[in-house]
Amino acid sequence: MSLDQRALRNCLGQFASGVTVVTTADGTAVYGATVSSFTSVSLDPPLVLVSLDRRSRTCDRLAGSPFGVNVLGADQRDLALLFAGGGDGAGADIAWDGPERAPRLAGAVAHFTCVPWASYDGGDHVLHVGEVTAFDAPGGPPLVFHAGELGEFRRPSGEAAWTGSLDGPAHGWTADFAALTGARPV
């Protein structure tokens with residue numbers, strides 16, 4: 001049975017996710033890729049997973065190298081687009097904030113510094129699992145990806161933040177997605 005890849009991609013796009021830029025460095029060159037396939041794997045040991053397209057220049061550079069996972073804030077749409085284009089940011093005005101081997105983007109709402117744990121074949125992607133060695137969460141509204149669009153979560157005017165548990169109904173949040181004409185999905 002052959003699946004329609006475009007229809008499958010559209011269906012998968014119904015799952016809203018955060019947006020990250022995965023970074024690594026080789027000497028003075030910094031490499032990064034916009035990734036929405038990021039997840040926690042384990043707390044003991046502390047492991048996270050990122051899935052990168054095999055064609056990405058960053059993908060091969062993660063093997064055996066420390067890397068950073070930068071969770072982008074709602075105001076970092078331009079960075080998401082820059083690193084989604086396959087560029088390395090050369091010539092771009094990018095604010096960096098430490099460490100050299102796992103570059104951190106200034107202004108990210110969270111950052112994870114990782115050392116390689118394992119890599120797995122994932123078809124046209126490679127699944128890179130990293131052990132978290134440091135993290136920071138300054139917070140702020142995150143950038144989100146849904147149905148091929150980037151946007152942000154906003155609380156309805158006058159409503160308090162939801163403080164329930166994952167066992168109960170989640171309400172009190174709506175999504176406001178702004179369309180990106182001509183941008184390819186990350």
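How many helices and strands make up the secondary structure of the chain? The answer opens the first of the legends below.

**Figure 1. Overview of the chain in the predicted model.** The secondary structure comprises three helices and eleven strands. Followed along the sequence, these elements appear in the pattern α-β-β-β-β-β-α-β-α-β-β-β-β-β. The chain has 186 residues, of which 35% count as buried. Its accessible surface is about 10700 Å², and carbon and sulfur atoms contribute 54% of that area. Among the contacts with a separation of 6 or more, 63% are made by residues 24 or more positions apart.

**Figure 2. The buried face of helix 3.** Helix 3 spans residues 77–84, and Leu-79, Ala-80, Phe-83 and Ala-84 are buried in it. Why do these residues line one face of the helix? Seen down the axis of helix 3, the buried residues fall within an arc of 130 degrees, so they line one face. An α-helix has 3.6 residues a turn, so residues three or four places apart point the same way. The cover over the buried residues of helix 3 includes strand 2 (20–26) and strand 3 (29–35), together with strand 9 (143–146) and strand 10 (149–154).

**Figure 3. A nonpolar patch on the surface.** Leu-3, Leu-8 and Leu-12 form this patch, and together they have about 300 Å² of accessible area. One of the three, Leu-8, is placed in helix 1, which covers residues 5–12. Is Leu-8 buried or partly exposed? With a relative accessible area of 39%, Leu-8 is partly exposed, because the buried class requires a value under 20% and the exposed class a value over 50%.

**Figure 4. Salt bridges of Arg-54 and Arg-55.** The count of salt bridges in the model comes to five. Side chains of opposite charge can pair when their charged atoms come close. In one of these pairs, Arg-54 forms a salt bridge with Asp-121, with the closest N and O atoms 2.5 Å apart. Arg-54 lies in the loop between strand 5 (46–53) and helix 2 (57–62), whereas Asp-121 lies in strand 7, so the pair ties together parts that are 67 residues apart in sequence. Arg-54 is partly exposed, at 37% relative accessibility, while Asp-121 is exposed, with a relative accessible area of 61%. A further salt bridge joins Asp-53 to Arg-55, and here the closest N and O atoms are 2.7 Å apart. Arg-55 is exposed, with a relative accessible area of 73%.

**Figure 5. A network of salt bridges.** Which residues are linked in this network? The members are Asp-97, Arg-104 and Asp-136. Within the network, the side chains of Arg-104 and Asp-97 meet at 3.8 Å, N to O. This pair counts as a salt bridge because the cut-off is 4 Å. Arg-104 counts as buried, at 16% relative accessibility, whereas Asp-97 is partly exposed, with a relative accessible area of 43%.

**Figure 6. Gly-107 and Pro-138 in sequence and in space.** Where is Gly-107 found? Gly-107 belongs to the loop between helix 3 and strand 7, the latter comprising residues 110–122. With a relative accessible area of 55%, Gly-107 is exposed. Gly-107 and Pro-138 are separated by 31 residues in sequence, and their C-alpha atoms are 8.4 Å apart in space.

Notes: Residues are numbered from 1 along each chain as its sequence is written. This is a predicted model: local features need pLDDT of at least 70, side-chain atom pairs count only at pLDDT 80 or more; totals for chains, interfaces and linings use all residues. Side-chain values use heavy atoms; hydrogens and water are left out. Patches are made of residues with over 30% relative accessible area and no salt bridge: like charges are joined within 9 Å, nonpolar side chains (Val, Leu, Ile, Met, Phe, Trp, Tyr) within 5 Å. Accessible areas come from the Shrake-Rupley method with a 1.4 Å probe; for residues, only the protein chains shown count as cover. Helices (H or I, at least four residues) and strands (E, at least two) are DSSP runs, numbered from the N terminus. Buried means under 20% relative accessible area, exposed over 50%, partly exposed in between (1.4 Å probe, protein chains only). The arc is that of the directions from the helix axis to the C-beta atoms. Contact means heavy atoms within 4.5 Å.
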